[in-house]
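User: Could you take me through one part of this structure slowly? I would like a close look at a single sheet and what surrounds it.

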Amino acid sequence: MQLTAEQKIEFYRQIVRIRRFEERSLRSYLKKQIGGFLHLYIGQEALAVGCCSLMGKNDHIITAYRDHGHAIAVGMDTRALMAELYGKITGCSKGKGGSMHYFDPSRNYWGGHGIVGGQIPLGTGLGYAIKYKGLKGAAMAFMGDGAVNQGAVHESYNLAALWDLPVVFVIENNGYSMGTSQTRSSAGDLARRAEGYHMAWASCDGYDLYEVRSVMNEYLVRAREESKPAVVEIRTYRYRGHSVADPDKTYRDKSEIEEYQRTKDPITHNQNQFLAEGVLTEALIESIDADARAEADAAADFAEASPFPTTDDIQKDVYWEADNPDKRTSEGRLFFE
Amino acid sequence: MPVITYREALRHALSEELDRDPNVVVLGEEVAQFNGAYKVTETLLAKYGPKRIVDTPISEAGFIGMGIGASMLGVRPVMELMFWSFYSVAFDQILNNAANVRYMSGGQINCPIVIRGPANGGTNVGATHSHTPENVLANHPGVKVVVPSTPYDAKGLLKSAIRDNDPVFFLENTMLYGDKGEVPQEEYLIPLGKADIKRKGTDLSIITYGRSAIQSLAAAELLEKEHDISVEVVDLRSIRPLDIDTVLASVSRTHRVLIVEEQKPFASVGSQLAFMIQREAFDELDGPIHRLATVDAPAIYSPPVEIEQLPNPQRILKAALAAVA
């Protein structure tokens with residue numbers, strides 16, 4: 001997997017763009033311009049960028065509610081992403097989904113799902129559809145470390161292994177399911193549970209782009225070529241609370257966060273690597289950062305200036321038929337008072 | 001016209017749609033090799049092979065969720081629940097994912113899935129296997145809910161359900177699988193959301209659906225013979241979308257209403273109907289709206305008593321007499 005200097009710069013740029021987008025959204029959240037929950041991806045950026053950088057045209061992705069990083073990594077417009085947070089009609093889900101429910105099927109990005117583990121059967125279904133249609137592709141089904149104890153995840157493992165579906169289950173292990181550490185919530189090694197289903201598995205670190213890409217590529221190729229599923233646990237860390245609104249001091253020490261930031265921060269680590277390789281220069285680093293900040297600010301300006309959906313929009317996008325009345329085949333009342 | 005069973009009518013619908021659209025695939029527990037727990041899918045494996053007729057493990061959340069995911073990419077899965085009662089273990093997939101994904105994506109994703117299977121009591125299988133979740137399902141905007149009562153309706157509605165671009169939950173009835181009726185040889189579709197007046201009458205409108213429609217017809221016969229009361233039986237066929245216009249038109253002809261349903265009464269389909277009828281046809285009513293539902297308790301096992309817990313022609317007859325009194 002030889003990467004060109006341009007590709008490396010592009011991946012680095014994406015990491016920085018995610019970080020700056022998240023920081024900008026946090027500011028808006030604290031100013032109450034964003035409602036609900038805000039699950040920030042800060043600290044985990046290289047993981048999504050590394051995985052999504054491997055996607056081909058028949059590859060698909062689905063994830064849980066910490067979904068901003070993946071959305072940026074598949075190429076969604078940050079203005080539409082920010083506008084979604086602001087609840088605006090120009091948002092990627094027209095202001096109907098919010099932070100946890102980003103979608104862009106045109107980029108094979110199937111959400112953005114709010115229930116822990118609930119997206120994993122759907123991701124398995126993406127793999128099923130790829131295989132059913134005879135396409136050479138793979139589905140990446142992301143979950144957090146808290147999702148591994150959900151029954152739906154195990155049911156999906158079984159189906160994928162039983163039917164040789166091209167699904168790579170990715171556990172983004174940031175160490176905490178909300179405020180409960182892995183050691184307090186999960187028995188055994190997370191990815192090793194794949195053995196019970198005779199599935200391949202691996203685990204790796206998520207801060208290093210090369211490592212993420214190398215491990216994921218192996219299983220994605222296997223999924224595409226041999227239609228075999230796998231479970232890959234990628235160790236990572238989040239710097240912020242589970243959601244911004246959650247207290248962060250009850251379950252971990254500040255020094256733990258600082259330690260990760262000092263030794264494994266995705267920006268610093270990959271920056272140093274690319275600097276050492278002569279791919280990045282200080283000037284380029286500065287301009288990438290300035291661009292990312294400007295992009296995030298522009299996204300916030302766009303979001304702020306955009307209109308909210310109207311109350312007339314509440315009942316749109318519920319039924320395909322209601323949105324396509326000229327093609328409606330059913331009769332009778334679809335909505336009730 | 002050929003006379004076939006409700007079960008065969010469903011099978012013919014599946015077969016015709018499997019022939020018509022290569023994206024249609026039938027999945028469920030025991031649907032293939034075993035020929036279906038209730039034999040609805042009998043012979044389909046031999047005809048269509050294991051790619052299109054797929055036995056799943058007992059894993060409703062997993063395989064239903066998988067079908068929903070596949071439908072987002074354009075596969076049209078027809079998923080069998082051996083009993084609709086098992087929907088509870090797939091609740092998150094059915095009612096969080098299938099019902100919401102179109103909306104939460106701002107209309108970018110369609111979910112053309114059908115989930116079908118029996119949803120009824122009356123077979124002495126106790127409370128866990130006797131749920132009638134049509135009210136629970138229909139409470140979720142984004143889904144469609146269909147409950148056919150006859151072989152003719154079952155076939156025409158299932159074909160429409162499979163072609164529909166929204167998730168359709170299709171609730172059959174084990175007590176009706178063996179019922180026979182006329183079903184034409186040539187292809188036909190019945191649109192979802194269109195009620196059917198199964199019997200014309202002038203003194204009382206019974207608004208009903210599913211097996212309760214069949215029992216209401218039996219009661220109507222007795223009411224005519226024994227009490228000289230002319231009953232109109234309106235079979236909703238579809239709960240959502242709902243053909244309220246046909247209901248209101250019937251009410252405006254008879255001015256008396258009895259709702260009959262195999263639901264527990266609290267917040268049932270009948271509750272919604274009663275609200276809508278009083279709201280939209282208040283002046284047409286000559287008396288309060290009556291309702292006959294399942295006696296409000298979990299389904300009892302004891303065979304002779306279960307008959308009395310559910311709507312049956314005698315209970316309907318009694319309720320009808322009260323409604324016209």
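What follows is a look at the open sheet in chain B, its helices and the neighbouring domain.

Analyst: Happy to! Please keep in mind that this is a predicted model. To get our bearings, chain B has two domains, domain 1 covering 3-182 and domain 2 covering 196-324.

Let's start with the sheet itself. Five strands of chain B make up an open sheet in the order S9-S11-S10-S13-S14, and their pairing is mixed. At the edges sit strand S9 (196-199) and strand S14 (290-292) of chain B, each pairing on one side only. On average, neighbouring strands here are turned by 25° against each other, direction ignored.

Now look at one pair within the sheet. Strand S10 (residues 204-208) and strand S13 (residues 257-260) of chain B run parallel and are joined by four bridges. One residue to find is Thr208(B), whose bridge partner in S13(B) is Val260(B).

Next come the helices. Helix H8 (residues 244-254) of chain B lies across S9, S10, strand S11 (231-235) and S13 of chain B, and runs at about 175° to S11(B). Helix H11 (residues 313-324) of chain B also packs on the sheet, where it touches S10, S11, S13 and S14 of chain B, and its direction makes about 175° with that of S14(B).

Finally, let's step back to the two domains. The centres of domain 1 and domain 2 of chain B, taken over C-alpha atoms, are 26 Å apart. Their contact takes 23 residues from domain 1 of chain B and 24 residues from domain 2 of chain B. On the domain 1 side, helix H5 (134-138), strand S6 (144-146) and helix H6 (151-163) of chain B each supply at least two residues. The residues of that side divide into ten nonpolar, ten polar and three charged.

How values were computed
Residues are numbered from 1 along each chain as its sequence is written. Chains are lettered from A and ligands numbered from 1 in the order in which they are written. This is a predicted model: local features need pLDDT of at least 70, side-chain atom pairs count only at pLDDT 80 or more; totals for chains, interfaces and linings use all residues. Domain bounds come from an automatic or database domain assignment. Two residues are in contact if their C-beta atoms, placed from the backbone, lie within 7 Å. Ala, Val, Leu, Ile, Met, Phe, Trp, Tyr, Cys and Pro count as nonpolar, Asp, Glu, Lys and Arg as charged, and the others, Gly among them, as polar. Two strands pair if DSSP finds at least two bridges between them. Axes are lines fitted to C-alpha atoms, for helices over the stretch in contact, and angles run from 0 to 180 degrees between N-to-C directions.
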